[in-house]
Amino acid sequence: MIDYQSFLNKEITQIKPSGIRRFFDIASEMKEVISLSIGEPDFSTPWHVRQEGIKTLEQGKTWYSPNRGFTELREEICKWIERKYHVSYHADTDVLVTVGGSEAIDLCIRCLINPGDEVLIPEPSFVCYVPMTEMAKGKPVIIETKAEDQFRLTAKALREKITPKSKLLILPFPNNPTGAVMRREHLEEIAEVVREHNLLVLSDEIYGELTYGHSGHVSFAEIEGMKERTVLVNGFSKTYAMTGWRLGYAVGPEEILSPMTKLHQYAIMSSPTMAQYAAIEALRNGDEDIVSMREEYDMRRRLIVDTFNSIGLSCFEPEGAFYVFPSIKSTGLTSEEFCEKLLYAEHVAVVPGNAFGDCGEGFVRVSYSYSLNHITEALKRIERFIKSL
């Protein structure tokens, strides 16, 4: 009998499975379940973007792209960022097209972190940051964000966690799972701390275009002096409803992007060709698609926040992404107990808040990237469940 455990990488085997997938997997095997658990747009990729992908196949453009991605796409990414955020990058040296934003995050962490380096991670936040840091043999340092601060990272909380070993700050805003947003004045306070302590920043802005209200998303790279310290990660999954196309990108200083490209070259080779051609079309002609989807999400956001507050689950109003993060502390249940009981009693799947860090205990993540009918029925069932308690 082979002892496979003795062969396996210990860093990998000790990583916990994603808490998001657990309840989704259970729900997928049950009948008549309404899932509000996965952060995937319910919209189809806009037709003109799909057409470009189809045309690419019909014309037989199915060969490898350059490692960094097609020059045309990298140029369009630079134009888009300059148009949106007024920050200039060089397509030849400062841009890398990746297989989703997750690959870009992984490459950045692995290329910057040496064993023992500390990575500052605000939580609750996306589930990949801690395990990716651990797999790079870095040390995750968790910074708890709080509901009373609207789940924003504060300069005070950041300063308290910095040590001589601190190297990289991850800025996950707009935030998954809380929907929290950092406005310009908040980012400027963080930038001051970054300068003081000579930190680098990985700014995960995958939900940037899903920012609500009159003032839109502000990129951390826009803040004075931060472009040189920031690797900006973004992609097409959330903005253009292109999750299955698996395409993201990183932009930043050439000195960081160059080793990231080398790692991408050996591990991945290049991103999908068809997806890259579709992304060019999205960047050039997709602004109206962004607006229409954002308006629909905004309507769902207001409905779901109002409903949770009315049924006694306190819910701060998120200003970005497509998640709400209501408190379930009033029920006396833990996050996992609440989700499990709701799933079996009313066949509604949501995600326990502690899947996004220990400080998420007492909350659940609910996605509104689903149709209005889907959400409305789910809210009726949740209200019935709360009354039954």
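Here is a short chat about strand β8 and the second largest pocket in this predicted model.

Reader: What makes both faces of strand β8 count as covered?

Author: Buried means under 20% relative accessible area. In β8, residues 248-251, Gly248 and Ala250 on one side are buried, and so are Tyr249 and Val251 on the other. With buried residues on each side, both faces are covered.

Reader: How do you know that strand β2 pairs with β8?

Author: Pairing takes at least two bridges between the strands. Strand β2, residues 95-98, has four bridges to β8, so the two count as a pair. They run antiparallel, and Val97 stands opposite Tyr249 in β8.

Reader: And what makes β7 a partner of β8?

Author: Go by that cut-off of at least two bridges again. Four bridges join β7, residues 230-235, to β8, therefore they pair. This pair runs antiparallel, and Gly235 has Gly248 as its bridge partner in β8.

Reader: Over to the pocket. Why is Lys156 called a lining residue of the second largest pocket?

Author: A lining residue has an atom within 4 Å of a pocket point. Lys156 is on the lining list, so it has such an atom. The list also includes Glu144, Arg152 and Glu160, and the pocket's volume is about 200 Å³.

Reader: Which elements give two or more residues to that lining?

Author: Those are β4 (139-144) and α7 (155-161). The largest share, four residues, comes from α7.

Reader: How do the lining residues divide into nonpolar, polar and charged?

Author: Asp, Glu, Lys and Arg count as charged, and seven lining residues fall in that class. Another three are nonpolar and two are polar.

Note on methods. Residues are numbered from 1 along each chain as its sequence is written. This is a predicted model: local features need pLDDT of at least 70, side-chain atom pairs count only at pLDDT 80 or more; totals for chains, interfaces and linings use all residues. Side-chain values use heavy atoms; hydrogens and water are left out. Buried means under 20% relative accessible area, exposed over 50%, partly exposed in between (1.4 Å probe, protein chains only). On a 1 Å grid over the protein atoms alone, a cavity is a set of points where a 1.4 Å probe fits but cannot get out, and a pocket is an open set with protein on both sides within 12 Å along at least five of seven lines; lining residues have an atom within 4 Å of a point. Grid points are joined across faces, edges and corners, and a volume is the space filled by probe spheres set on the points.
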